[in-house]
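Student: I have a model open and want to work through it with you. Can we take it step by step?

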Amino acid sequence: MLFLKNSFLIIFLFLLPLTSYADLVKPALIEITVTKQGDVDIEIRASIEALLTGINGRYKNTKDAPNADEYDLLRRMNSEQLLSKFKAFETTFLNKVKLIDNTNQKISLRIKQVEIPLRGYVKVPRISVIKLVGKVDLSAKSLQWYYPLSFGDHAVRLRQVDTLKKKFHWSEWQWLRTDKLSSPLSLTEIVRHKPLYETIGNYIELGYKHILPKGTDHILFILGLFLFSSALRPLLWQITMFTIAHTITLGLAMNGLFDLPERIVQPLIALSIVYVGVENVFNKSLQKSRLILVFAFGLLHGLGFANMLADFGMPDNAFVTALISFNIGVEFGQLSILLMAFLFIGLWFGKRDWYKALVINPASLIIAAIAFYWFIDRLDLGLI
Amino acid sequence: MILFLRLSLFIFLLIAPETVLAHSPIKGIGAFFNGILHPLLVPAQVLAIFSLGLWYGQNQPTENKRSVIFYLIALIFGLVATRFLPADNDVSIILLLGATIIGLLIISNYRLAKSAYRIVGLLFGFILGLDSVQDGLNLKATLLALFGSGVGIYFLLLYFMALSESFSEKTWQNIAVRVLASWISASALMVLALNFAGKG
């Protein structure tokens, strides 16, 4: 018992110097609306803190950037303070973004409004809305958008609006991760729907990458389940419960039927990993209570997936396909972790007499200690 | 079949790093994975862990679990201590000497009291931790690399121990382990000599 306490303390102290403000770097979402009269409205949903500090998709997390402190300082500012910082950046911003028509004519844009939300939960990025307006020549056939890579990854789509007939049409999202213009966004034709296989491929990839390598917390949770028992039957039971549960909440949340704020979901996800780690040490056989808890934790993790997926948006015409594809990607991610865990741990030590004492217990305690650190950090109590 | 799979994986892991770069991170794989590979890339560390793993595996690891626990605790303390010690401490000589002695103990099949296994575990764990200093990285990368090193150093011992335990039933297997141990002692002595020659 003393060993457990000491291990927790040492690992906790070891992790302490890590910065407490740690936002995922999220892509900007850009929606361009063009009316039949040639009026252009652009809504950019992005983290102004990331724009001002130049923290972009090179970093998985803001704390990976050398100027993470500067980001944290901006993140702690109230809306008015941040707005005044952005005012000084407006000209640079307008000079860097670009909207050109099919004749290479640059459309003049100006900032109409900047909406910065309240400080809120500082563990997730504050997404502000920058609204730009301009006028496009009525003879223009298509538009191309440019948003420099230094501002980060982004997704863009265009809406054609016929105000007289009260009709509109959205293009597909284009995800841009290079420093190039978007593909032409048509203003005259019915926008081409992305082929189904492309949607499936994109969302499977998204789901997979959300687990491997980006989802450290999900990786630890799955490893925790594996460590409890590398035997097939209990492992399958746990993974099945987890999968069913996260599918339910992912589906409900993406349909807008159920949601919980991230300030509740994120600490609870961390706490679920602590529980799994600690229970691995004290429990030897799979019991119903464990399955029920894994199911409950799966519901929470599903909300975490939904929060992430919401940032990318869902195609209106293939919502269910995209959702299922994302879930399949998540499953592939989980299976990859299990396969690696089996190859590197189960195959070697699974049948040894000392497996529990020398592998399960230390690894589970380390997982629990890391997750406990996340839990405290995500509570945002200002303790660390 | 399982033994064959394990051996294949083990050999793959050993030959995967193409070059031996002491304390040099491999670009592009991240601090944590660099940390995991670190003990495999430093000759003194891999020899020390190999010898200790073989030794523990040959001496009833089930009854000697505490030695490994001690090794783990000392390793954690050693890794934490790197945060407070200068980056240029060179403890690899102790590891090489230790590997030589442990190799000789395996060859002679000399049994020691249980407490000796624990003390050696403590000593090796702490020094391996100390020898995992990562310089030239920012704080977060340093911590991740140290954490990776801890995982690498601990699991590498378990792999060697498991292999050695699997090779402790038949006479020819015991002989094979002794031959391996003699190679470890010889290699450790050679690296030690090269170390001194380089300094001279």
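Student: In which loop of chain B is B:Thr82 found?
Tutor: This is a predicted model, so read every answer as a statement about the prediction. Helix H4 of chain B covers 65-81, and helix H5 covers 92-108. B:Thr82 is found in the loop between H4 and H5.

Student: Is B:Thr82 buried or exposed?
Tutor: The cut-off for buried is 20 or more other C-beta atoms within 10 Å. B:Thr82 has 20 C-beta neighbours inside 10 Å, so the label is buried.

Student: Which residues does B:Thr82 touch, leaving out those up to four places away in sequence?
Tutor: Sequence neighbours are set aside here, up to four places away. What remains is B:Gly129, B:Leu130, B:Ser132, B:Val133 and B:Leu146.

Student: How far apart in space are B:Thr82 and B:Gln173?
Tutor: In sequence, B:Thr82 and B:Gln173 are 91 residues apart. In space, taken C-alpha to C-alpha, the separation is 39 Å.

Student: Where in chain B is the pLDDT below 50?
Tutor: Chain B averages a pLDDT of 84, and 84% of its residues score at least 70. One stretch falls below 50 and has nine contacts in the model beyond near neighbours in sequence. Where pLDDT is low, the predicted coordinates should not be read in detail. The stretch is residues 15-24 of chain B.

Student: What ipTM does the model score?
Tutor: Two scores are given for the model. The pTM is 0.70, and the ipTM is 0.81.

Student: Which helix gives the most to the largest nonpolar core?
Tutor: That core has 110 residues. A:Ala371 and B:Leu157 touch the most other members. The top contributor gives 15 residues and spans 139-166 of chain B: helix H7.

Student: Which residues does A:Ala371 touch, apart from those up to four places away in sequence?
Tutor: A:Ala371 is one of the two core residues that touch the most other members. Its contacts are A:Leu220, A:Ala270, A:Ile273, A:Val274 and A:Gly277.

Student: How many residues are in the second, separate core?
Tutor: Its members include A:Val40, A:Ile116, A:Leu143 and A:Ala155. The count for this core is 33 residues.

Student: What distance separates the centres of the two domains of chain A?
Tutor: Domain 1 of chain A is 28-192, and domain 2 is 198-379. Taken over C-alpha atoms, their centres are separated by 33 Å.

Student: Which residue is the bridge partner of A:Glu31 in S7(A)?
Tutor: Strand S1 of chain A covers residues 28-35, and strand S7 covers residues 154-162. The two pair in the parallel sense over eight bridges. In S7(A), the partner of A:Glu31 is A:Arg157.

Student: Which residue in S9(A) stands opposite A:His154?
Tutor: S7(A) also pairs with strand S9, residues 174-176 of chain A. That pairing is antiparallel and has three bridges. Opposite A:His154 stands A:Leu176.

Student: Why is one side of S3 and of S10 in chain A left without a neighbour in the sheet?
Tutor: The open sheet has three strands in the order S3-S6-S10, with antiparallel pairing. Strand S6, residues 142-146, is joined to S10(A) by two bridges, and A:Ser142 stands opposite A:Ser186. S3 (98-101) and S10 (185-186) stand at the edges, so each has a single partner strand.

Key: Residues numbered from 1 in each chain as written. Chains lettered and ligands numbered in written order. Predicted model: local features only at pLDDT ≥ 70, side-chain atom pairs only at ≥ 80, totals over all residues. Pairing = 2+ DSSP bridges. Helix = DSSP H or I, 4+ residues; strand = E, 2+ residues; numbered from the N terminus. Core = buried A, V, L, I, M, F, W, Y, C linked by C-beta atoms within 7 Å. Buried ≥ 20, exposed ≤ 12 C-beta atoms within 10 Å, placed from the backbone. Contact = placed C-beta atoms within 7 Å. pLDDT = per-residue confidence, 0-100. Domains from an automatic or database assignment.
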